[in-house]
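Grab a pencil and work through these short exercises. Each one has a task, followed by a solution that goes step by step.

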Amino acid sequence: MFSSSILLQILACAIYNNWWPMLSALMYVLVPMPCLFFGGGSTQFLTSRDGGGWIDAAKFLTGASAVGSLAIPIILRHAHMIETGAMFIEFTSFFIFVCTVMCFHRASLEDDW
């Protein structure tokens with residue numbers, strides 16, 4: 001699923017011969033970083049109610065990078081730097097990426113895996 005998300009990222013750029021949509025791929029790299037640095041590599045802190053400075057910072061950074069993944073194609077389309085089709089391909093790529101993260105989170109919560 002992650003590979004198909006990256007493939008859609010590249011297709012959004014290659015079909016329209018414009019590589020500005022690859023800026024949102026940068027956000028795909030930033031989304032898991034708070035989990036790695038502040039959450040100990042686990043995604044369980046995202047659904048917990050436990051607080052603390054580092055946990056709250058990790059939740060904020062995860063949310064900000066997820067919103068940035070959606071905002072970048074919208075801003076680029078508004079500035080007429082990308083086509084509408086590229087924006088929708090970016091949204092599809094983001095949806096597949098979110099599904100991949102949710103599947104990973106669900107699998108990490110299961111003790112049977």
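**Exercise 1. Contacts and overall layout**

Task: Among contacts between residues at least 6 apart in sequence, what share joins residues at least 24 apart? Then set out the secondary structure and the burial of the chain.

Solution. Keep in mind that this is a predicted model.
- Step 1: take the contacts in the chain between residues at least 6 apart in sequence; 61% of them join residues at least 24 apart.
- Step 2: count the elements, which gives 5 helices and 0 strands. Read along the sequence, that is α-α-α-α-α.
- Step 3: look at burial. Of the 113 residues in the chain, 29% are buried.
- Step 4: turn to the surface. The chain exposes about 7100 Å², and carbon and sulfur atoms supply 71% of that area.

**Exercise 2. The annotated segments**

Task: Where does UniProt place the feature "transmembrane region", and what does the model show over residues 60-76 and residues 88-107?

Solution.
- Step 1: go to the record. The unreviewed UniProt entry puts the feature at residues 20-40, 60-76 and 88-107.
- Step 2: check residues 60-76 in the model. This stretch is 100% helix and 0% strand, with its end C-alpha atoms 24 Å apart.
- Step 3: do the same for residues 88-107. Here too you get 100% helix and 0% strand, and the end C-alpha atoms are 29 Å apart.

**Exercise 3. An aromatic cluster**

Task: Which residues do ring pairs link into a cluster, and which helices hold them?

Solution.
- Step 1: start from the total, which is 3 aromatic pairs in the structure.
- Step 2: take F2 and F97. Their ring centres are 5.9 Å apart with 50° between the planes, so the pair counts as tilted, since stacked needs under 30 degrees and edge-to-face over 60.
- Step 3: place the two rings. F2 sits in helix α1 and F97 in helix α5, so this pair ties together parts that are 95 residues apart in sequence.
- Step 4: compare their cover. F2 is partly exposed at 41% relative accessible area, whereas F97 is buried at 7%.
- Step 5: add Y28, which forms a stacked pair with F97 at 4.5 Å centre to centre and 10° between the planes. Y28 is in helix α2 and F97 in helix α5, 69 residues apart, so this pair also links distant parts of the chain. Both Y28 and F97 are buried.
- Step 6: put it together: F2, Y28 and F97 make up the cluster.

**Exercise 4. Two loops**

Task: Which residue of the loop between α1 and α2 has a positive phi, and what does M81 touch?

Solution.
- Step 1: recall the background. Most residues other than glycine have a negative phi.
- Step 2: inspect the loop between α1 (2-15) and α2 (23-30), where Y16 lies. N17 is in this loop as well, and its phi is near 50°. N17 is exposed at 66% relative accessibility.
- Step 3: see what Y16 does. Y16 is partly exposed at 34% and joins L7, L11 and I15 in a nonpolar surface patch with about 360 Å² of accessible area together.
- Step 4: move to the loop between α4 (53-78) and α5 (84-109), home of H80. H80 has a positive phi near 60° and is exposed at 65%.
- Step 5: finish with M81, in the loop between α4 and α5. M81 is partly exposed at 30%. Leaving aside residues up to four places away in sequence, M81 touches N18, W20 and L76. The C-alpha atoms of M81 and P21 are 9.0 Å apart, with their positions 60 residues apart along the chain.

Terms used. Residues are numbered from 1 along each chain as its sequence is written. This is a predicted model: local features need pLDDT of at least 70, side-chain atom pairs count only at pLDDT 80 or more; totals for chains, interfaces and linings use all residues. Side-chain values use heavy atoms; hydrogens and water are left out. UniProt positions are given in the numbering used here, feature names are shortened, and annotations may be inferred rather than shown by experiment. Helices (H or I, at least four residues) and strands (E, at least two) are DSSP runs, numbered from the N terminus. Patches are made of residues with over 30% relative accessible area and no salt bridge: like charges are joined within 9 Å, nonpolar side chains (Val, Leu, Ile, Met, Phe, Trp, Tyr) within 5 Å. Accessible areas come from the Shrake-Rupley method with a 1.4 Å probe; for residues, only the protein chains shown count as cover. A salt bridge is a side-chain nitrogen of Lys or Arg within 4 Å of a carboxyl oxygen of Asp or Glu. Buried means under 20% relative accessible area, exposed over 50%, partly exposed in between (1.4 Å probe, protein chains only). Contact means heavy atoms within 4.5 Å. Rings of Phe, Tyr and Trp (its six-membered ring) pair if their centres lie within 6.5 Å; planes under 30 degrees apart count as stacked, over 60 as edge-to-face and the rest as tilted.
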